[in-house]
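Me: Please take me through this entry by question and answer, with the cut-offs behind each term.

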Amino acid sequence: RIARQLQDGLFARQVARISSARPANRARHYDVLVVGAGFAGAVMAERIASGSGKSVLVIDKRPHIAGNAYDHHDDAGILVHKYGPHIFHTNSRDILDYLSRFTGWRPYEHRVLAYVDGQLVPMPINRTTLNALYGMNLETEEEAAAYLQSVAIDVGEVRNSRDTVVSQVGQDLYAKFFEGYTRKQWGVDPRELDKSVAARVPARTNTDDRYFTDAHQCMPDKGYTRMFRKMLNHPQIDVLTGQGYDDLPETISWEHLVWTGPIDEYFHHRLGHLPYRSLRFEHETLPQEQVQPVATVNYPDYDVPHTRITEFKHLTGQQAEVTSIMREYPADEGDPYYPVPNPAAQDMYRRYAALARDCPEVTFVGRLATYRYYNMDQIVGQALATWRRLDARWRLESLS
Ligand code: FAD
Ligand code: UDP
């Protein structure tokens, strides 16, 4: 197989790297190289070191650990999330228990308001939203359900994100809350996106105004970066930040590679570029204690260039006389933040996944490496399951 890959010029560099890992007399030899210090990379590194007893080097091209969950104190001393608001929520006790080895938690339930028709109303759409927008007085879940049923459109089979929404709440609420936001966020009409995208925020008939309904909702009490530092603080783990995979010194070698970056980048885009959606983040500190009533306000109007504004003190509970906010501007160019859930992209990903299956010396894990629109807890779950499989394989190999 390696000989076959060597014939392929596009693979030559990577194979050279992997085979250069074989000689043991190199300056620094690791059992495992982990590319990416986000949730996928940090969980893999921690498990491989603590659970499998192997040496690990973690690299990240960014100047810090924690991937997109990175938080830090800004110039005003406010704890902010550099790459967009990250709220932890999960239904899995196991995932919460695993992370609790590295952090304490602050209870926090996320609330979002949307700015629609000059008012701030709860999002996801709930009974309060309906009453506020349409001047109604729906008092029970049954009344709200009957209203939604009266405006819902029968689309037959639900095939895309527009169908998801109009079949639940009809055209007017779709236009007010979803159409503009989704066109901004993804740069395409909701008809071109998988039905699962809009299904992340289903409408409700009760007055629950929490963004998530998971059993466990909380924030790391000293922030995400502190939690990652504890995960990676192990005698068998070295971490190099500001270090891309492409310019790793030849003196560093390894037996197995864990890749958490974009899967098409690993294969030098040989099957084409997978689409990713990016964001530009605009941070600002304001000389007042609080600017908005909840952590996040969404702006679904297409003519407003940002999608949402987050005020971080709501998430962290920090007390201060000033406050820091962030506006999110969706973009085509920039760091890849979101895999794009549409059929063409999924088809290209499946072909990359087939190439990945032919590389047993590389493990692909994480949001970009498996091209899945996953939340943090799902990535932790995916990494834990991936490690269990890898560990079982290593145990079998060590017997033979
Ligand atoms: P990442 O965090 O992206 O880590 C991958 C790392 O690999 C990066 O640090 C990158 O620099 C590094 N890397 C890539 N290529 C290379 C290379 N060639 N060499 C060296 N390093 C490389 N999830 C939630 O549960 N709740 C939320 O509220 C939430 N909010 C979000 C808001 C935004 C704006 C975004 C974009 C995501 C949000 N998420 C949220 C999702 C969450 O960020 C991801 O699930 C999680 O961070 C994925 O972890 P990961 O390790 O797979 O990827
Ligand atoms: N969405 C929307 N209006 C909103 C909130 C969400 O149209 O006010 C749609 C949009 O397509 C978005 C998707 O629902 O990309 C998922 O929303 P979520 O808040 O889960 O996105 P994320 O936090 O992952 O960016």
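**Sheets, ligand shells and backbone**

Me: Over how many bridges do strand E11 (residues 252–259) and E17 pair?
Reply: This is a predicted model, in which local features need pLDDT of at least 70 and side-chain atom pairs count only at pLDDT 80 or more, while totals for chains, interfaces and linings use all residues. Residues are numbered from 1 along each chain as its sequence is written, and chains are lettered from A and ligands numbered from 1 in the order in which they are written. Strands (E, at least two residues) and helices (H or I, at least four) are DSSP runs numbered from the N terminus, and two strands pair if DSSP finds at least two bridges between them. Strand E11 and E17 run in the parallel sense, and Trp-259 has Phe-364 in E17 as its bridge partner, the bridges between these strands numbering three.

Me: Which strands stand at the edges of the sheet ordered E10-E2-E1-E11-E17?
Reply: This open sheet has five strands with parallel pairing. Its twist averages 30° from one strand to the next, where axes are lines fitted to C-alpha atoms, for helices over the stretch in contact, and angles run from 0 to 180 degrees between N-to-C directions. Two strands have a single partner strand each, so one side of each is left without a neighbour in the sheet, and these are E10 (237–241) and E17 (362–364).

Me: Which residue in E14 stands opposite Val-297?
Reply: An open sheet of seven strands, with mixed pairing, has the order E8-E7-E13-E14-E15-E12-E16; strand E8 (119–123) and strand E16 (338–339) each have a single partner strand, so one side of each lacks a neighbour in the sheet. Within this order, E13 (residues 296–298) and E14 (residues 308–311) run antiparallel and are joined by three bridges. Opposite Val-297 stands Ile-309.

Me: At about what angle does helix H5 run to E8?
Reply: Between E8 and H5 there is a loop that holds Pro-124, and the peptide bond joining Met-123 to Pro-124 is cis, with omega about 5°. Most peptide bonds are trans. Helix H5 (residues 127–134) lies across strand E7 (112–116) and E8, contact being counted where C-beta atoms placed from the backbone lie within 7 Å, and the angle of H5 to E8 is about 155°.

Me: How many charged residues are in the shell around ligand 1?
Reply: A residue belongs to such a shell if its C-beta atom, placed from the backbone, lies within 6 Å of the molecule. There are 33 residues around ligand 1, with Gly-36, Gly-38, Gly-67, Gly-84 and Gly-261 coming nearest, and the elements giving two or more residues are helix H3 (39–50), strand E2 (56–60) and helix H13 (376–399). Ala, Val, Leu, Ile, Met, Phe, Trp, Tyr, Cys and Pro count as nonpolar, Asp, Glu, Lys and Arg as charged, and the others, Gly among them, as polar. On that basis the shell has 16 nonpolar and twelve polar residues, and the charged residues number five.

Me: Which helix gives the most to the shell around ligand 2?
Reply: Among the 13 residues around ligand 2, those that come nearest are Phe-178, Tyr-181, Thr-182, Arg-200 and Asn-298, and by class the shell has nine nonpolar, three polar and one charged. At least two residues each come from helix H7 (161–186) and helix H8 (195–198). With five residues, the helix that gives the most is H7.

Me: What is the phi of His-268?
Reply: His-268 is found in the loop between helix H10 (263–266) and strand E12 (276–286). Most residues other than glycine have a negative phi. His-268 is not a glycine, yet its phi is positive, at about 50°.

How values were computed
Contact = placed C-beta atoms within 7 Å.
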